[in-house]
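Morning, everyone. Please bring up the model on your screens. I'll take you through it in a few minutes.

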Amino acid sequence: MNGNGKIFVCGDLHGGFEDTLKLSRKKWLEQDNLTKDDVVIQLGDFGYIWYHDLHQKYKKDQNTLKDLSNKKFTLCFVDGNHENFELLYSYPEVDMFGSKVREVYPGIYWLQRGHIYTINGKTFFVMGGAKSNANQKEGNFSGKGRNKKLKKQKTWWAEELPSQEELELGRNNLIQLNWNVDYVVSHTCPTEIIKSIYHQTGICNLDRLNDPISLYFDEIEDNLIFKEWHFGHHHCDLEIKTDFGNFLCHYKNTPYEL
């Protein structure tokens with residue numbers, strides 16, 4: 001990449017057809033003018049690294065990844081809480097954007113927790129993950145009939161919450177840059193922003209105020225100098241301006257250019 005490309009962000013995809021339409025040519029015609037130097041950063045709950053290779057839906061995921069790989073832009077994503085972390089951590093690390101990413105498919109990269117990347121001349125602090133709702137249980141499986149044993153599929157992984165090592169990596173990397181980056185990209189956001197979402201929309205799940213990642217972000221926010229903080233998870237499209245900086249939640253809208 002030559003550093004002159006554009007950068008976009010977009011909200012949750014959930015491994016589903018409807019949410020992926022925001023990346024379709026019909027919805028987002030601008031992509032026709034992009035190149036692989038241009039980067040789209042998806043903000044968690046990517047969801048297409050989900051089914052294991054014996055599951056009946058595995059090939060569907062692979063076909064979608066192939067379609068996304070063939071887009072004119074480069075696709076990166078932050079992890080959310082609805083991801084198959086067992087699979088994500090199995091992909092190889094490669095050097096990119098001044099740090100380590102995991103290449104999950106040609107031209108599709110997972111931006112890892114706690115890392116700081118330089119993408120087209122802009123610095124990005126990345127911290128994925130979030131706490132699932134209480135009714136999201138470990139060990140839920142799908143698949144019926146005589147092939148059930150081959151098809152069964154976990155739907156929850158404890159790794160949805162970053163480890164202490166990943167959180168500490170984030171702090172240390174920010175210290176090295178004197179707590180100054182251009183952008184933060186994450187899946188969820190600080191607790192005060194969650195409260196603002198609730199007050200403006202009335203639809204936010206206040207249980208998310210106890211999310212350990214949001215509490216971690218409270219600490220980060222107190223020290224960090226940044227231009228904008230972009231996130232998903234809360235299923236709305238909303239901008240919140242604070243004394244710290246601008247926070248933008250993304251969901252249904254087409255990719256937003258930074």
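I'll go from the overall fold to the cores, then the pockets, then two unusual residues.

One caution before the tour. This is a predicted model.

Start with the whole chain. It holds seven helices and 13 strands. How compact is the chain? The radius of gyration is 18 Å, close to the 18 Å that the globule rule gives for 258 residues, so the chain is as compact as a globular protein of that length. Draw a box along the principal axes, and the C-alpha atoms fill roughly 60 × 40 × 35 Å. Of the 258 residues, 52% count as buried. Now contacts. Take those with a sequence separation of 6 or more: 69% of them join residues 24 or more positions apart.

Next, the cores. The largest nonpolar core has 26 residues. Which of them touch the most other members? Phe125, Leu174, Val181, Ile197, Leu224 and Phe231. Both helices and strands feed this core. On the helix side, H5 (164-176), H6 (191-201) and H7 (212-223) each give two or more residues. On the strand side, so do E8 (122-127), E10 (228-231), E11 (238-241) and E12 (246-249). Helix H7 gives the most, with four residues.

Click on Leu174. Set aside its neighbours within four places in sequence. Leu174 is then in contact with Ile116, Phe125, Trp179, Val181, Ile220 and Leu224. Phe125, Val181 and Leu224 were also on the list of core residues that touch the most other members.

There is another core, apart from that one. It has 24 residues, among them Leu23, Tyr51, Phe77 and Trp157.

On to the pockets. The largest pocket holds about 460 Å³ of space. Its lining counts 20 residues. Which lie nearest the centre? Gly16, Phe17, Thr20, Tyr48 and Thr64. Two helices, H1 (17-20) and H2 (58-69), each supply at least two lining residues. Helix H2 gives the most, with five. By chemistry, the lining divides into seven nonpolar, eight polar and five charged residues.

Now the second largest pocket. Here the space is about 160 Å³. The lining is Glu18, Asp19, Leu21, Lys22, Lys27, Tyr251 and Lys252. How does that lining divide? Two residues are nonpolar, none is polar, and five are charged. Leu21 and Tyr251 are the nonpolar pair.

Last stop: two backbone oddities. First, Asn178. Its phi is near 55°, a positive value in a residue other than glycine. Find Asn178 in the loop between H5 and strand E9 (183-186). Is Asn178 buried or exposed? Its relative accessibility is 63%, and the cut-off for exposed is over 50%, so Asn178 counts as exposed.

Second, His233. It is not a glycine either, yet its phi is positive, at about 70°. This residue lies in the loop between E10 and E11. Buried or exposed, then, for His233? Its relative accessibility is 3%, and buried means under 20%, so His233 counts as buried.

So keep that pair in view as you rotate the model: Asn178 counts as exposed, whereas His233 counts as buried. That's the tour. Over to you for questions.

Terms used
Residues numbered from 1 in each chain as written. Predicted model: local features only at pLDDT ≥ 70, side-chain atom pairs only at ≥ 80, totals over all residues. Heavy atoms only, no water. 1 Å grid on protein atoms, 1.4 Å probe; cavity = no way out; pocket = protein on both sides within 12 Å on 5 of 7 lines; lining within 4 Å. Points joined across faces, edges and corners; volume = space filled by probe spheres on them. Core = buried A, V, L, I, M, F, W, Y, C linked by side-chain atoms within 4.5 Å. Buried < 20%, exposed > 50% of the residue type's maximum accessible area, 1.4 Å probe, protein only. Contact = heavy atoms within 4.5 Å. Rg over C-alpha atoms; globule rule 2.2 N^0.38 Å.
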